[in-house]
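Q: Hi! Could you walk me through this one?
A: Happy to, let's have it in front of us.

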Amino acid sequence: MRATGVVRRVDELGRIVIPKELRNVMDIQEKDPLEIFKTEDAIVLQKYRPDAACMITGNISSENISLFDGKLVISPQIAKILVKQLKEFDVEE
């Protein structure tokens, strides 16, 4: 992660303000849902995109693979497992 040089204080209700410039860069509009999660040493805010969630794991990532016009979304890890399992079937073209 890169530091932006912007520091914000948490108010008495636990809120912070995301700078407008950063919201514009990340295409975050008023009332957009944000997903909040933690890593070992950070709190991460990410624009929530349910259509980008892996249908097996539920993980949201820009690396997820969308197939069949978005009807099937899977993570790269699940894709590898799927390919391996499909090879076990003797399917002719």
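A: What follows is a chat about confidence, pockets and a few loop residues.

Q: What kind of model is it, and how are residues numbered?
A: It is a predicted model, with residues numbered from 1 along each chain as its sequence is written; local features need pLDDT of at least 70, side-chain atom pairs count only at pLDDT 80 or more, and totals for chains, interfaces and linings use all residues. Side-chain values use heavy atoms, leaving out hydrogens and water.

Q: What's the average pLDDT?
A: The protein averages 87, and 95% of the residues score at least 70. pLDDT is the predictor's confidence in each residue, from 0 to 100.

Q: Which elements have the lowest and highest mean pLDDT?
A: Strand β2 (residues 43-47) has the lowest, 86, and helix α2 (residues 76-88) the highest, 92. Helices (H or I, at least four residues) and strands (E, at least two) are DSSP runs, numbered from the N terminus.

Q: Pockets next. What volume does the largest pocket have?
A: About 770 Å³. Of its 22 lining residues, T4, I18, L22, I43 and L45 are the closest to the centre. A pocket here is an open set of points on a 1 Å grid over the protein atoms alone, where a 1.4 Å probe fits, with protein on both sides within 12 Å along at least five of seven lines; lining residues have an atom within 4 Å of a point. The volume is the space filled by probe spheres set on the points, which are joined across faces, edges and corners.

Q: Which element gives the largest share of that lining?
A: β2, with five residues.

Q: And the second largest pocket, what lines it?
A: There are 14 lining residues, with I16, I18, R23, I28 and L34 nearest the centre. α1 (20-25) and β1 (34-38) each supply at least two of the lining residues. The volume of this pocket is about 330 Å³.

Q: Changing topic: is N64 buried or exposed?
A: N64 is buried, at 14% relative accessible area; buried means under 20%, exposed over 50% and partly exposed in between (1.4 Å probe, protein chains only). N64 is in the loop between β2 and β3 (65-67), and a polar atom of the N64 side chain lies 2.9 Å from the backbone oxygen of N59.

Q: What about D69, where is that?
A: D69 is in the loop between β3 and β4 (72-74). D69 is exposed at 79%, and has a positive phi of about 55° although it is not a glycine.

Q: And where's D27?
A: D27 is in the loop between α1 and β1, again with a positive phi of about 55°. D27 is partly exposed, at 44%.

Key
Polar contact = N/O pair within 3.5 Å; in protein donor to acceptor, adjacent residues only side chain to side chain.
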